[in-house]
Amino acid sequence: MQTAQYRFAMAGIIHETNTYAEASFGQTTLSAFEQYQGQEIIDAFTGTNHQIGGFIQGAKQHLVDLHPIYLGQATPSGTIAQSAYLEMKAKILNGVKASLPIDAMLLALHGAGVADGFEDIEGDLLASLRSLLGPEIPIAVVYDLHANCTPEMFANADISLPCKLYPHIDFADRAVEAVDLVVLMRQQQIQPVSAVRYLPILPYIVTTDQGFIPAEINAHCQRLLQDYPTIIDCSWFHGFPYADIEAPCPTVICTTNNDCALAEQIAEEIATLIWSQRERFLPQFFTPHDAIQIALEQQDLSKPIVINEYSDNPGGGTPGDGTYLLSAILNAPNRHKRICFGMINDAAVVQQAMKAGVGQQIDIQLGGKLGPMQGAPIVCQAYVKSITDGHFVNCDGAMFAGVHFDLGPMCRLIIAGVDVIVACRAEQVYDEIPFFMHGIDILQYDIVALKGANHFRARYNHLAAKIITANAVGLSSADILSFPRRHLKRAVWPKDAVSDLDEVYP
Ligand SMILES: [Zn+2]
């Protein structure tokens, strides 16, 4: 039997922080995080399309002795309570200390985490790890591409890889790549150096699917990787606009094998390309009213039309109980099509349905309870069609394929002929499973309405005849200029007139 050549420690904190959500539903406490320690991490994430799943796979391929330390992850939400962040950080630092000596540190971080008193939790955590490990131990991080990057994040890691695709279906691949690179570093076959360019752009969240500008930028990066063998990685972080911080902006990173000049040249080239194409990031969405009208007018489609509610996307830190799209559907005249909606977050209504039981009619006030951006509660009668435990696993082909979700008890209600899935916590729809587990075959429906900005596309690009995006008031509204910026420290397009790229962070 072959013995392990290297010992790598592995840990992570994954939270995309919508700082504007704090006013609606408070700070994010430790209880909101799924926490895994030691072997629990391996048991939960082996074989999943998740950063941790990729680290496990990469370590196995290289016969690395992997020491899982701690993972805390939560659905995006408001600013993390300071005590929660400090406790997670302490668990990682203490766990790493107990694992020493190690040959490398692997981290799964989101990159847009904000805690009370820590605007950049990833930079803070990485600085502490670097000071604990010293300059010689490689640190590799796999980030979400919606990270808001800071110099501290890059200065304290040897390898910084964002996922490249949105939907993020390449998390595991990027984590395997990170392990490959760290092994090459340990074997002294590569010496990574990185150059970074921060763009003065307030980021619009746009898919990397074909036909959208991020796909063209990714293709350009891919060509550069092929043209220059010394480039190790050439990527860009899209940034996350729903954070009132110094610089929520896109960032380009190029990593080469010990060629600083080339890294600088390529980072500049990609930054210039993004800057020249910035107008193409501006969204063109519909109001909920117009979205449902367009969907109702479609004829003779073999697959359902999907309407996604962009502005209340739990994947961007919203409470998920917004009622703008569901109200527009229920109020639409001549609503003669089969429609289902998933998922609205309302624990009180789920409790009411459980108390009444399947087959009963209940009078409800659905949604609109978690803050002023969520619309008015929908006052209606509902038929309780089914109730489940809210446990499911994302299907193959979906983002986070293989990852387990627990949304608390869930129910399917029928409201004025529309099937509505209700959950006990906020979560976006990734695939058809939340419908299927409640007895709904979405292919038998004309219109599938769901909460989410984009991750649903990984599955629904195949399931939908057409996707119509609805945008309204909300904590993840596409109208990013409507969010107040008290902490922003730089001029950013399109908020400000910015004429060139020659600015330094922030
Ligand atoms: Zn993301």
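Which residues does UniProt list for "domain: Microcystin LR degradation protein MlrC N-terminal"? The unreviewed entry gives residues 7–295. The views below come from a predicted model.

**View 1. The UniProt span, residues 7–295.** Helix makes up 39% of this span and strand 20%. The C-alpha atoms at its two ends lie 55 Å apart. The name and limits of the domain are taken from the UniProt record.

**View 2. The zinc site, with donors from Asp144, His146 and His168.** Asp144 supplies two OD donors. His146 donates through ND1, and His168 through NE2. These protein donors lie 2.1 to 2.6 Å from the zinc ion. The angles among the 4 donor atoms run from 54 to 149°. The site is irregular. Four donors would count as tetrahedral if all angles lay between 85 and 135 degrees. Along the sequence, the donor residues follow the spacing D-x1-H-x21-H. Aspartate 144 and histidine 146 are both buried.

**View 3. Helix H3, residues 51–61, and its cover.** This helix is mostly covered, with 8 of its 11 residues buried. The buried residues are Gln51, Ile52, Gly53, Gly54, Phe55, Ile56, Gly58 and Ala59. Among the elements that cover them are strands S1 (7–14), S3 (65–73), S4 (104–109) and S5 (139–143). Helices H2 (39–45) and H7 (171–186) also contribute to the cover. Just after H3, leucine 63 adopts a positive phi of about 55°.

**View 4. Cysteine 221 and cysteine 234, without a disulfide.** The model has 0 disulfides. The cysteine sulfur nearest to that of cysteine 221 belongs to cysteine 234, 3.8 Å away. A disulfide needs the two sulfur atoms within 2.5 Å, so a 3.8 Å separation does not qualify. Cysteine 221 counts as buried because its relative accessibility is 3%.

**View 5. Cysteine 395, with its sulfur far from other cysteine sulfurs.** The closest cysteine sulfur is in cysteine 340. The separation is 15 Å, so the two are too far apart for a bond. Cysteine 395 is buried, at a relative accessible area of 16%.

**View 6. Glutamate 432 in the loop between strand S17 and helix H13.** S17 covers residues 418–423, and H13 covers 433–436. Glutamate 432 has a relative accessible area of 16%, so the residue is buried. Leaving aside residues up to four places away in sequence, glutamate 432 touches Cys395, Ile442, Arg459, Tyr460 and Leu463. One of these contacts, Cys395, is the buried cysteine of View 5.

Definitions and conventions: Residues numbered from 1 in each chain as written. Predicted model: local features only at pLDDT ≥ 70, side-chain atom pairs only at ≥ 80, totals over all residues. Heavy atoms only, no water. Buried < 20%, exposed > 50% of the residue type's maximum accessible area, 1.4 Å probe, protein only. Donors = N, O, S within 2.8 Å, 3.2 Å for Na, K, Ca; no water. Tetrahedral: all angles 85-135°; square planar, octahedral: opposite > 155°, others 65-115°. UniProt positions renumbered as here; feature names shortened; annotations may be inferred. Helix = DSSP H or I, 4+ residues; strand = E, 2+ residues; numbered from the N terminus. Contact = heavy atoms within 4.5 Å.
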